[in-house]
Structures are given as structure tokens and as C-alpha cells.
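I opened this model to look up two things: its nonpolar cores and one pair of packed helices. My entries follow the structure.

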Amino acid sequence: MKKILVINSGSSTVKADVFAVENNQPVFQAKALADKIGKADGSLTVKGKGIETRTVAIAGASIETAIREIIEVFAAAGICARENLGAIGHRVVHGGSKFSAPAIITDEITAVISEMSVFAPLHNPANLAGIQFCRAHFTLPQVAVFDTAFHQTMPAVATTYAIPRELSEKYGIRRYGFHGTSHEYVTHECARRMSIPYEKFSAISLHLGNGASACAVQNGKSIDTSMGFTPLEGLVMGTRSGDVDPSLPFFLQNMVGLSAADAESLFNKKSGLLGISGSNDMREIVSRADAGDAAALLAVEIFCARVRKYIGAYLTHGRPHALIFTGGIGENSPAIRQRVLTGLGHLGIAPDRQKNAALPEGGCISAENAIAVFVINTDEELMIARETLRLAHP
């Protein structure tokens, strides 16, 4: 039986999942996480069906070394020997406007991924390092799945910034959107649960985690999303500010003497929940808010208010079949879901408090006669495996 390996290589972690192909569908077998890449306390953890979870040290490991270790551990555990591997799928954060769908990786594809690194300097080079290592060590089909691809269906009215057109066209300045693989997966899954053909399905998808974005899907296509040219735009996130007045960076540069790089770091790494409350862990923030911590309570209220603002904006596209919560916060925080949904009854959205707290099988937490609200665990790796299977036919 041929198997599919899914690789998600980042600047500080490498994630890998193995899927068996059964009845022409990928079925999860095991996953590995190489954490703290390049650090002295780097580690590799493997867990899966029928195997004992194990963790080994990989001090100072590079992305390439981490992938080599992962493959060796999978083989030693009897999960996936090299000869059983039929194809490899890779997550790529930014495909620019060139990719509206996953693609079989070729030299031309890697060249474009490299070109797009100017838009995602922390992500694409790491994604490319994993791709290049696997292409050098495996002579089998490999597929790139782009986070931006799902949003390529957005119309010009949703992608165009109101700046001089010659600058937009020369430098590729437009709204791209991210988390596309997650939004695509959960909307497909929600349509399946509601027995609605995907090409007729409409939803508002909320991927809420340390990175967060909202997406409006109409007739199975992304028509708007909160992230834009970079993943900084939109919702308040763990360390990212989300929407701010565009003049604010210039003001801080003039008043505080920040360089452009300092300003970029401030809005990406020191803002959001962290900037407001001193923490980017929503579990800690909610606990502090419940205990009366004013800064934590403000962070929670701002986070939820921004989500509600985007829900309201996307309802202008028409009544959706469903509202979907996903991501680490969306899936695991009943308190945040309740706060987001409270007060939206006049828009046809009303949670059932008991369902939200208990999360029944199927994940539907809405009150009767209201717009359906679902909590769906995202599975980007499974989505990548499906696309890899579809294109590579291992």
C-alpha cells in the first residue's frame, strides 16, 4: 500500500503527517513535530495509530536534518518505509497570483515559490527548503498546496487596494488572503455535514488562533477574507495588530524614532493580544479576565468585537448556510465563541449556550431557527493529502 507524506516546514518547526491510501482516500496514520529548529533544545515527537508516542532530541537541527530524522523515525517505527512512499505533499504559504490551485512541483514551480519569498520572507524560504530536500532525496511525485490559492476566486473589488494602479501592477500589491487550506477544508466539511452540494454552499468561516482570519464563501468560492497583502491585516491576533490606521507606523517612526524594520516587528510580533494584555495565550487571558484583570478583559472584548465586525460585514453578501468556528481558539474556547455570538440575534445568529459548552457530536451549537453555527476541527494536512492524492495518483 502506497502512502503519502505531508510536510509543513517552517522557520522554527517542521510538521509531517503520514497517510495511507485506502479506497482512494487518504487515511491518517501518524504525525511528527520537530520543534525549536536550530536550537540546542530542539526535539522531535512522533505519535499515531497503534504506536507509542516518542520524543527524541535533535539539538541544532536544520530543516533538512529534521526531515531526515522524521523519515528515519517513521521507518524505524514501522509507520512508513521509503519504499512504501508514493508521493509527498508540501504546504506553501504564498503562491502570489500565479497559483489558483495546487501544483505538481517542477523546477519552474520552485522558482516561482522562491520569487514569492519577497511577500512571505519568514515562510516561503522555509517551505522551499523542505521541498528542495525532498526533491533531492526522493524520485517520486511531489505537490505544492498554497495557502493563498483558495482566495484566488476573490473578485477585484475584494483584492484591490486604493493606491496608484501602476504601483499595484508593478509590485504585485493586492489582497491575497491566507489560511486558505483551512477555510477550504472546514467549509467542505460543513457542506458535507449539512448535505449541501459544495458548489451551492455559502458560509462565514472563522479561523481563530494565534493567527486569525475570517473568510466569506459563496457557492463554494472565497469571495472575501480578512487577511490581505500579508497575514497582518484583519482580525486581532496573538501578536499581530490586525487592522490599524495606515498612518500609525509613520507616526511611530516620527515620534519614537522606529525604523521601518522596527515598525514591522512591532505590529507583527509585539501587538495584538500580547500588546494589550501582556500575553498571547487566550487560555491565560480568559482566565485572567474572569478573575477581574482589566487588561485581559479588554483584550478579550477587542478580539471578539473585531470578529463580530467581520461577521457583520460578510453578512452583507447574503444569509449564509452556516457560520464556522475553527483554529485553536475557535475549536477549544467555548467562552470566546459565546462572547463572539452574543448580541447577534438581530442578524439571525444565536448560540445555544448548553450546546456551545458541551459541543455535541456534529459540532452544531446554534439555537433552533437561527443560522447554523458549527465548530469544526481544521485538518490542513488531510486537505494537502487529498490534493496530493488527486494530482500525483500514488
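The notes below take the cores, then the helix pair.

I am working from a predicted model, in which local features need pLDDT of at least 70, side-chain atom pairs count only at pLDDT 80 or more, and totals for chains, interfaces and linings use all residues. Residues are numbered from 1 along each chain as its sequence is written, and side-chain values use heavy atoms, with hydrogens and water left out.

Cores. I looked up the largest nonpolar core (buried Ala, Val, Leu, Ile, Met, Phe, Trp, Tyr and Cys joined through side-chain atoms within 4.5 Å; buried is under 20% relative accessible area with a 1.4 Å probe, protein chains only). It has 41 residues, and Phe 303 and Ile 311 touch the most other members. Among the elements that each supply at least two residues are β9 (203–208), β12 (322–326) and α13 (334–341); helices (H or I, at least four residues) and strands (E, at least two) are DSSP runs, numbered from the N terminus. The most comes from α11, with 9 residues.

I then listed the contacts (heavy atoms within 4.5 Å) of Ile 311. Beyond four places in sequence, they are Ile 204, Leu 206, Leu 323, Val 340, Leu 344 and Ile 349. Another core, of 31 residues, lies apart and includes Ile 7 and Cys 134.

Helix pair. I checked α7 (residues 248–256) against α8 (residues 260–269): the angle is about 125 degrees and the axes, lines fitted to C-alpha atoms over the stretch in contact, are 10 Å apart. On the scale of 0 to 180 degrees between N-to-C directions, α7 and α8 are therefore oblique (not under 35, over 145 or 65 to 115 degrees). On the α7 side, the contact includes Leu 248 and Leu 252, and on the α8 side Ala 263 and Phe 267.

Conventions:
Buried < 20%, exposed > 50% of the residue type's maximum accessible area, 1.4 Å probe, protein only.
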